[in-house]
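Visitor: I would like to learn how to read a model like this one, going from contacts to strands and then to pockets. Where should we begin?

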Amino acid sequence: MAIKWMMAALGLGLAGAALAQDAPMFGGDEDQAYAEKLWQAMVEQNLAGEGAIMSFPYPGTDPHGMMLETFYARATIDGHDGALVVKRNYGPEGVTVDQVLGMPGEHLGALTVMFRREAGYDADTGDWFYAKYLPDGSLDQNPNGVALAGLVGKNAEAGCIACHQNAGENYLFTTEAEMR
């Protein structure tokens, strides 16, 4: 009887471990709190929120948007100064440059952001922190309701890291600039 009970307990423990492995590596309370600080830094630099600066949009594609603006900056979060890439994603399909410039708020779907955290945050992914914000600054969520902030797509077939790891050493498709 004791052996059956131990085997059942072991089975439950393994099942719990399997569930823990399936849990996303992103979107928890710590990632959400960090993403809030990052949003505030972007607002302070007029890269997000009311009165955000504009640039000339260029054609994009999924998963970002049909028209894009990309900004390269730096931000300081919790005493760490790092590279910041902010991409504004506009749609729907068929949206024109003139429409985005004339009424950006009507066409803005999301802001996708990469922030290079301190060395050792996650060396396997270039120490990049990813976040996808809705225009109001709230975090977007995946279909399971998990906030899109942190190591989104690490060890997955889809998601930020799964795609950006194909961009080379700096994880950026749009520039060859050193983004440390």
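Guide: Let us begin with contacts, where a contact means heavy atoms within 4.5 Å. Please keep in mind throughout that this is a predicted model.

Visitor: With that cut-off, what percentage of the contacts in the protein with a separation of 6 or more comes from residues 24 or more positions apart?

Guide: Residues 24 or more positions apart supply 52% of the contacts in the protein that have a separation of 6 or more. Burial can be read beside this: of the protein's 180 residues, 42% count as buried, while the accessible surface amounts to about 10200 Å², with 57% of that belonging to carbon and sulfur atoms.

Visitor: In what order do the elements run from the N terminus on?

Guide: The protein has five helices and six strands, and from the N terminus on these follow the pattern α-α-β-β-β-α-α-β-β-β-α.

Visitor: How are the strands of the sheet paired and ordered?

Guide: In general, strands of a sheet pair through backbone hydrogen bonds, in either a parallel or an antiparallel manner. Here an open sheet of six strands has antiparallel pairing and the order β1-β2-β3-β4-β5-β6. Its edge strands, β1 (58–59) and β6 (149–150), each pair on one side only. Within this sheet, β3 and β4 run antiparallel and are joined by seven bridges, and Y90 has L108, in β4, as its bridge partner.

Visitor: Turning to empty space, how much lies in the largest pocket, and which residues are closest to its centre?

Guide: The general idea is that rolling a probe the size of a water molecule over the atoms shows where empty space is left. In this model the largest pocket holds about 480 Å³ of space. It is lined by 22 residues, of which P63, H64, T112, C160 and H164 are the closest to its centre. The elements giving two or more residues to this lining are β3 (80–90), β4 (108–116), β5 (128–133) and α5 (160–164). By class, the lining of the largest pocket comprises 13 nonpolar, seven polar and two charged residues.

Visitor: What would the same reading give for the second largest pocket?

Guide: About 230 Å³ of space lies in the second largest pocket, and among the 14 residues that line it, G49, E50, A52, G105 and L108 lie nearest its centre. Two or more lining residues come from each of β3, α4 (104–107) and β4, and the lining of the second largest pocket divides into nine nonpolar, three polar and two charged residues. L108 thus appears in two places in our reading, as the bridge partner of Y90 and as a residue of this lining.

Key:
Residues numbered from 1 in each chain as written. Predicted model: local features only at pLDDT ≥ 70, side-chain atom pairs only at ≥ 80, totals over all residues. Heavy atoms only, no water. Helix = DSSP H or I, 4+ residues; strand = E, 2+ residues; numbered from the N terminus. Buried < 20%, exposed > 50% of the residue type's maximum accessible area, 1.4 Å probe, protein only. Areas by Shrake-Rupley, 256 points an atom, 1.4 Å probe, with all protein chains shown as cover. 1 Å grid on protein atoms, 1.4 Å probe; cavity = no way out; pocket = protein on both sides within 12 Å on 5 of 7 lines; lining within 4 Å. Points joined across faces, edges and corners; volume = space filled by probe spheres on them. Nonpolar A, V, L, I, M, F, W, Y, C, P; charged D, E, K, R; others polar. Pairing = 2+ DSSP bridges.
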